[in-house]
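Q: Please give a close reading of one loop residue in this model, beginning with its place in the fold and its backbone. Then set it against the helix that comes before it, other residues with notable backbone geometry, and the buried interior.

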Amino acid sequence: MRTLLLTGPGGSGRTTAAAATALTAAREGARTLLITADGVDALGQEPGLTVKRPAPGDEFRDDLLALQEKAASAFDLLGAGRLEGEELTPLPGSDELALLRALRDAGRDAYDTVVVDLPPLPRALAVLALPEQLRRYLRRLLPPERQAARALRPMLGRIAGVPMPAGLLYETAARWDAELAAAQAVIEDPGTTVRLVAEPGPAGADAVRAAATGLALQGLRTDAVLANRVLPDDTADTWFAGLIAQQRKTLAEWTGTYGEELRAVPHLGHDPRGADDLAALHVPAPGAAPEPVEWPVTDALADDGVLVWHIPLPGAVRDELGLIRRGDELVVTAGPFRRIVTLPSALRRCTVAGAGLREGELRVRFTPDPDLWPRTR
């Protein structure tokens, strides 16, 4: 399955670009699923194309009612009042969880291409990082090895006089972890890439540059940058001359950075409406996915006495970088983005000796700990 995640700054036309991408893929013969939170009426009954709109309200209500039913005895003991389905409304964050569930379900269905209309930047990057973060929180708060407490549940229930919900807590955590792992597997799959949508100009250039850093920190790859609403050069109205010049300057910069990954999407002179307008944008379907991003460790022990971990961070600014070692983990901060990554096994027996940013790559140097590193003759 080929999964394409589309995002861009607010107002960049990412939903239209997602719909146009899905339409192209379906017309090229791929069984295509479009996941979008916005209504896309223009596609109608396009053959080979399915549109799914996550329903956070329904899923939130069903989950809470199911949890309430399973823990009914404990709630009754506390004198808690029951909630009815009609009074439940989605809480903040339910949209993101509904989107992750749609991603999880897409990984189980028989589609050739899945196109996902993500929220705008930078919220989209937070959504993509959410499964990894939540799974880490669950492991810290409810370590799997403590699930042996389930065996004590019947005895504790007899002592307290009511069934204890401890087992339910671990069962729920295990279910959440499995669902998050399924969504994370789709995000990290080699066939998943991100497509950035932005209007060429100063604001769009800043958004794309920041997004490139955030995506690289998460180990995600871009398959294309869509320069949206590009004006034609032969526009007679001189009022557009400054805007056209601004667009051309940004397009030249993006061409130097992204090369063949850059796609210019024309301005139609009106908002796209209907499948014909979407087709006129000539947005390409996803092609073959680029090679996975690697964070290699190189051995410089013979020359410098260190191991070097190479972390690609295009667009990163030296003054906005931060590193913190916490046990077997490294907390990496790049501007507004932060990720906690587990150290490769060889580096866990080392201490951090320094780091430097060169040519869009963060190079972290590690010195072997003599008390942990194998002794040599």
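**A loop residue and its setting**

A: H282 is placed in the loop between α10 and β8 (297-300); helices (H or I, at least four residues) and strands (E, at least two) are DSSP runs, numbered from the N terminus. The model is predicted, and residues are numbered from 1 along each chain as its sequence is written. Local features need pLDDT of at least 70 and side-chain atom pairs count only at pLDDT 80 or more, whereas totals for chains, interfaces and linings use all residues; side-chain values use heavy atoms, with hydrogens and water left out.

The backbone of H282 has a phi near 55°, a positive value in a residue other than glycine. Most residues other than glycine have a negative phi, and most peptide bonds are trans. H282 is also exposed, its relative accessible area being 66%; buried means under 20% relative accessible area, exposed over 50%, and partly exposed in between, with a 1.4 Å probe and protein chains only.

The helix α10 covers residues 274-280 and contains A280. A280 is partly exposed, at 29% relative accessible area. Leaving out residues up to four places away in sequence, A280 touches P266 and L268, where contact means heavy atoms within 4.5 Å. The C-alpha atoms of A280 and L268 are 8.2 Å apart, with their positions 12 residues apart in sequence.

Other backbone features can be set beside that of H282. R229 is also a residue other than glycine with a positive phi, in this case near 60°. Its place, however, is in strand β6 (residues 222-230), and R229 is partly exposed at 27% relative accessibility. G29, which follows α1, has a positive phi near 100°. A feature of another kind is the cis peptide bond that joins L121 and P122, with omega about -5°. P122 is found in the loop between β4 (113-117) and α5.

Strand β6 also contains V225, and V225 counts as buried, with 0% relative accessibility. Apart from neighbours within four places in sequence, V225 is in contact with L196, W254, Y258, E261, L262 and R263. V225 and L6 are 219 residues apart in sequence, yet their C-alpha atoms are 9.7 Å apart.

W254 appears again in the largest nonpolar core, which has 55 residues; I35, V116, L128, W254 and W309 have the most contacts inside it. A nonpolar core is a set of buried Ala, Val, Leu, Ile, Met, Phe, Trp, Tyr and Cys residues joined through side-chain atoms within 4.5 Å. Helix α8 (residues 202-217) gives the most to this core, with six residues. A second, separate core has 20 residues, including A22, L23, A26 and V265. As for V116, its contacts, residues up to four places away in sequence not being counted, are T3, L4, L5, L6, I35, L99 and L103.

Helix α1 (residues 14-27) offers a contrast with the exposed H282. Of its 14 residues, 12 are buried, so α1 is largely enclosed by the rest of the structure. Among these buried residues are R14, T15, T21 and T24, together with A22, L23 and A26. From first C-alpha to last, α1 reaches 20 Å, close to the 20 Å expected at 1.5 Å a residue; the expected span is 1.5 Å times one less than the number of residues.

The interior also holds empty space: the whole structure has two cavities of 30 Å³ or more. On a 1 Å grid over the protein atoms alone, a cavity is a set of points where a 1.4 Å probe fits but cannot get out, and lining residues have an atom within 4 Å of a point. Grid points are joined across faces, edges and corners, and a volume is the space filled by probe spheres set on the points. The largest cavity has about 40 Å³, and its lining is made up of L128, A129, E132, Q184, I187, E188, Q218 and L220. Helices α5 (123-141) and α7 (166-188) are the elements that give two or more residues to this lining.

For the chain as a whole, there are 11 helices and 14 strands, and 42% of the 377 residues count as buried. Of the contacts between residues at least 6 apart in sequence, 66% join residues at least 24 apart.

Conventions: 1 Å grid on protein atoms, 1.4 Å probe; cavity = no way out; pocket = protein on both sides within 12 Å on 5 of 7 lines; lining within 4 Å.
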